[in-house]
Amino acid sequence: MVQIQFINVSLINITLPFRCYTSASLQLEDVVYLVPHSVSSDIEEDAFFSSSGIKKMAPQDFFDSKCLEPSTPDNVLFWPQNSSASSSQVPPWLHATGMASCPYIQYDDSQYISTIVSQFHLVCERATLRPLFQMMAMLGTIFSGIMAIPLGDWFGRLMVTRVTAMIAIPLHVMCAFFPWYPVLLVLQMLLAVCNRSILLSAFSLVMENIPARNRTAVGIYMAIPYTLMVVGLAVAGYFLTEWRFIFLTGGLPTYFMFPLSFIVEESPRWLAQNGKGLKAADQLMKAAYQNRIDLPPHLITSLDKLQITELEKEEQSSNSRTQKIQQYPIAIVALTGVSVLWLFNCLMYFSVILNSSHFTRPDLYVGLVGVTEMMAMLLVMPVTQRIGRRLVLGCGHFICGVLFVANLFLPEDRMWLQWLMAMTTVFIMSACYQTMYLYVNEIFPTTIRSRGIGIANSVGTVGSTLAPLVIDPLVQTVWWGAAMVMMISGISVAVIMCLLPETNNVALPDTLQDLKELMNKKKKQTRLITTSNQV
């Protein structure tokens, strides 16, 4: 559910319809606007005072979302000619911006009272600052992969989850109430570091406690609460019309993570691989007692060995782990392949999810995204269990690339067809995105799982960061550019998946040697997992 932080941007960073003025006026009836002849035919005749094209109009009557051009006032749709009012006489619906192309601005607050764009006037010459709020969130995930997430290999998955959740709670509140946009961007980046660290550390913690026969179901169905949160966020976006309240609502999962972190236990796999066999054995014995299971003799022997390992453990420094990685170049190949795979996956997924501004009802789009993602999670689990991760990821991304190109040829008057195409793409990409999380956790061994996921996540987040640029500036420059980028990304994922191994029904690798055997396909596709191997 923490992943919701990347989706609520679709509701709080919307550009509201606006109208620019060169000056403020205390008396609305004294404001006179020049209506060019090019638009005169669209306005009723009785709206004019004379045939000269001069008309009085209240600001709330029309929002053209166009910036003023002081050098060529004849090109402006509505140009105020009364500029005698002082700044102290600014009406409540006008806001001073300090911009030459829009000194005073009024927003259409019929649907939303305020958004990030209207709060900081990110229009006209400041429009280039608009994607920064989304991009800083993605940039924060890059730093989390480099700095925060590898800490999970050193201090444990549970400790990273607990500490980052504790830091994220005050950051949520600060983001909602800081009045300076540069400071908000920095806070948004720090919050993204914490949220992504929570997400990936907790996901690894869960996956390391699940046997192979249940890993697909748990890994996929863990996204169901997230899809419910997306639907809830759409409902909140309908009733909460100020971005601050929507933002705070999106932080609810993070608020609950901190107390929950004191209920669960650390991963026994991590404990055993980091010389804490005694604690791992105690946890497993406790679990057996609570579930009223009589342990077989061979499993008791395995637990005794863990305890002995704790007493005779050897110091494992980060240098020795680095040397192990260098001993197996194939681990670098796996890391490179998964990183590039995650990059294209995030680029395509977020290009679809953050596309709500292209539709007339962003809250409806987000709500349908939540429902569609829930359906995708329910259906992809048995498919992934049967045909494997590789086919789902490779074919799914390729099909989405084809759908993006096909969208270019849809007639503009068939809005229902555009909605259908969009939701189909959301369905496929949601299934691929969750399968990607499952696949990444399965391919890296326990000894370097957090660092492998962290590095791959950092590279993948580059795709998330580029997504806002693909769906906004690129489309404005080259109308077919986004479709071509998606098609190339889909083909690239299909090719990469041909080079990576299948992990369906395969035990999680614990060491670099396990990863080497998996990459070389020396092991059978399905291994028989004994109880001692799980320990």
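Buried means under 20% relative accessible area and exposed means over 50%, with partly exposed in between. Keep that cut-off handy for the exercises below, and remember that this is a predicted model.

**Exercise 1. Classify E265 and its salt-bridge partner K286 by accessibility, then place the pair in the fold.**

Step 1. Start with E265: its relative accessibility is 42%, so it counts as partly exposed.

Step 2. Now K286. Its relative accessible area is 44%, which makes K286 partly exposed too.

Step 3. Check the contact itself: the side chains of K286 and E265 meet at 3.6 Å, N to O. A salt bridge needs a Lys or Arg side-chain nitrogen within 4 Å of an Asp or Glu carboxyl oxygen, so 3.6 Å makes the cut.

Step 4. Place the two ends. K286 belongs to helix α12 (residues 277-290), while E265 sits in the loop between α10 (252-260) and α11 (268-273), so this bridge ties together parts that are 21 residues apart in sequence.

**Exercise 2. Work out which residues are linked with E208 in a network of salt bridges, and which parts of the chain get tied together.**

Step 1. Count first: the structure has 5 salt bridges.

Step 2. Take R157. Its side chain meets that of E208 at 2.6 Å, N to O. R157 is in helix α5 (residues 157-177) and E208 is in the loop between α6 and α7 (212-221), so parts 51 residues apart in sequence are tied together.

Step 3. Take R449. Here the N to O distance to E208 is 2.7 Å, again a salt bridge between side chains. R449 is in helix α19 (residues 449-477), so its pairing with the α6-α7 loop residue E208 bridges 241 residues of sequence.

Step 4. Put it together: R157, E208 and R449 form a linked network of salt bridges.

Step 5. Ask about burial. R157 and E208 are both buried. The value for E208 is 4% relative accessibility, hence the buried label. R449 comes out at 1%, so R449 counts as buried as well.

**Exercise 3. Find what else touches E208, this time through its backbone oxygen.**

Step 1. Look for a polar side-chain atom: one belonging to R269 lies 3.5 Å from the backbone oxygen of E208.

Step 2. Locate R269: it is part of helix α11. With 11% relative accessibility, R269 counts as buried.

Step 3. Check for a long-range neighbour. The C-alpha atoms of R269 and T447 are separated by 9.1 Å, although the two residues are 178 apart along the chain.

**Exercise 4. Test whether the end-to-end distance of helix α6 agrees or disagrees with its residue count.**

Step 1. Count residues: α6 covers residues 181-207, which is 27 of them.

Step 2. Get the expected span. At 1.5 Å a residue, it should be 39 Å.

Step 3. Compare: the end C-alpha atoms are 38 Å apart, which agrees with the expectation.

Step 4. Add the surroundings. α6 is mostly covered, with 22 of its 27 residues buried.

**Exercise 5. Give the strand order of the 3-stranded open sheet and name its edges.**

Step 1. Read off the order: β1-β5-β4, with antiparallel pairing.

Step 2. Find the edges. These are β1 (18-21) and β4 (95-99), each of which pairs on one side only.

Step 3. Get the twist: it averages 35 degrees from one strand to the next.

Step 4. Zoom in on one pairing. β4 and β5 (residues 102-107) run antiparallel and are joined by 3 bridges. In this pairing, M99 stands opposite C102 in β5.

Terms used:
Residues numbered from 1 in each chain as written. Predicted model: local features only at pLDDT ≥ 70, side-chain atom pairs only at ≥ 80, totals over all residues. Heavy atoms only, no water. Helix = DSSP H or I, 4+ residues; strand = E, 2+ residues; numbered from the N terminus. Expected span 1.5 Å × (residues − 1). Buried < 20%, exposed > 50% of the residue type's maximum accessible area, 1.4 Å probe, protein only. Polar contact = N/O pair within 3.5 Å; in protein donor to acceptor, adjacent residues only side chain to side chain. Pairing = 2+ DSSP bridges. Axes fitted to C-alpha atoms, helices over the stretch in contact; angles between N-to-C directions.
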